[in-house]
Amino acid sequence: MSAVVIRPEDPQDRSAIGALLTSAFGTEGEARLVDALRAGGHIVLSLVAERDGDPRGYILFSRLMVRQEETSFPAVALAPLAVAPTHQGEGIGTALVDEAHLELQRLGERLSVVLGDPAYYCRFGYTHARAANFESVYQGEALQALAWDEAPTTGRLDYAAPFSDLG
């Protein structure tokens, strides 16, 4: 088995990414979300994991704003993270998150938010405690945050508009 190569998403990847997302999530909702985030210019980082030239995993971070009274702070939202069902358990998701976090830090990002399984995302440093004081329609144990530097601990999380269409 060859190594997984992680690289930036390329326009030619779009149909394969859509198929991967539909397969991983069982619906087209996440694929539609990604298309809407692309169309709206909300993507901060999107990476593909491939093996033998075939996409096996995908991760996307979009712009998220933390609003505090009259100020705002840029952050990122991790969504989606997907691995082809036949390749789960091979470390592809972990490799994608680790590589993405390094790139986000290089880009100067300081805060990432995810809505997901706490048992999975805690391995990367995400915690609900870090996100507990944010106002969000997604507030709950699954809302988690990770900060790499000074970043707000309170405020309203404003996701890119396409998230409101997810349902």
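The following exercises, each with a worked solution, concern salt bridges, a helix and selected residues of one predicted model.

The model is predicted, so local features are given only at pLDDT of at least 70 and side-chain atom pairs only at pLDDT 80 or more, while totals for chains, interfaces and linings use all residues. Residues are numbered from 1 along each chain as its sequence is written, and side-chain values use heavy atoms, with hydrogens and water left out.

**Exercise 1. Salt bridges**

Task: State how many salt bridges the model contains, and describe where the partners Glu9 and Arg38 lie.

Solution.

Step 1. A salt bridge is a side-chain nitrogen of Lys or Arg within 4 Å of a carboxyl oxygen of Asp or Glu. By this rule, the count is eleven.

Step 2. One of these joins the side chains of Glu9 and Arg38, with 2.7 Å from N to O. Glu9 belongs to the loop between strand 1 (5-8) and helix 1 (14-25), and Arg38 to helix 2 (residues 29-39), so the salt bridge ties together parts that are 29 residues apart in sequence. Helices (H or I, at least four residues) and strands (E, at least two) are DSSP runs, numbered from the N terminus.

Step 3. Accessibility is described in three classes: buried means under 20% relative accessible area, exposed over 50%, and partly exposed in between (1.4 Å probe, protein chains only). Glu9 is buried at 16%, and Arg38 is buried at 15%.

**Exercise 2. Two further pairs**

Task: Determine how far apart in sequence the parts joined by Arg67 and Asp158 are, and how the residues Glu103 and Arg106 are placed in helix 3.

Solution.

Step 1. The side chains of Arg67 and Asp158 form a salt bridge of 3.0 Å, N to O. Arg67 lies in strand 3 (residues 54-68) and Asp158 in strand 8 (residues 155-159), so this pair links parts that are 91 residues apart in sequence.

Step 2. Arg67 is partly exposed at 33% relative accessibility, and Asp158 is partly exposed at 22%.

Step 3. Glu103 and Arg106 also meet in a salt bridge, at 2.6 Å from N to O. They are three residues apart in helix 3 (residues 92-106), a separation of about one helical turn. An α-helix has 3.6 residues a turn, so residues three or four places apart point the same way.

Step 4. Glu103 is partly exposed, with a relative accessible area of 22%, whereas Arg106 is exposed at 61%. Elsewhere, salt bridges with shared partners join Glu9, Arg14, Asp35 and Arg38 into one network.

**Exercise 3. The two sides of helix 3**

Task: Check the span of helix 3, then identify which of its residues are buried and what covers them.

Solution.

Step 1. The expected span of a helix is 1.5 Å times one less than its number of residues. For the 15 residues of helix 3 this gives 21 Å, and the end C-alpha atoms are 21 Å apart, which agrees.

Step 2. The buried residues of helix 3 are Ile92, Gly93, Leu96, Val97, Ala100, His101 and Leu104. They cover an arc of only 160 degrees around the axis (the arc of the directions from the helix axis to the C-beta atoms), so they lie on the same side of helix 3.

Step 3. Leu102 and Arg106 are exposed on the other side of helix 3.

Step 4. The cover of the buried residues includes strand 1, strand 2 (43-51), strand 3, strand 4, helix 4 (118-121) and strand 7.

Step 5. Just after helix 3, Gly108 has a positive phi of about 90 degrees.

**Exercise 4. Strand 7 and its partner**

Task: Explain why strand 7 is described as largely enclosed, and state how strand 5 is joined to it.

Solution.

Step 1. Strand 7 (residues 143-147) has five residues, four of which are buried, so it is largely enclosed by the rest of the structure.

Step 2. Two strands pair if DSSP finds at least two bridges between them. Strand 5 (residues 111-115) and strand 7 run antiparallel and are joined by five bridges.

Step 3. Within this pairing, Val113 stands opposite Ala145 of strand 7.

**Exercise 5. The surroundings of His87**

Task: Locate His87 and list its contacts beyond its neighbours in sequence.

Solution.

Step 1. His87 is found in the loop between strand 4 (71-83) and helix 3. His87 is buried, at 18% relative accessible area.

Step 2. Contact means heavy atoms within 4.5 Å. Leaving aside neighbours within four places in sequence, His87 is in contact with Arg51, Arg56 and Ile92.
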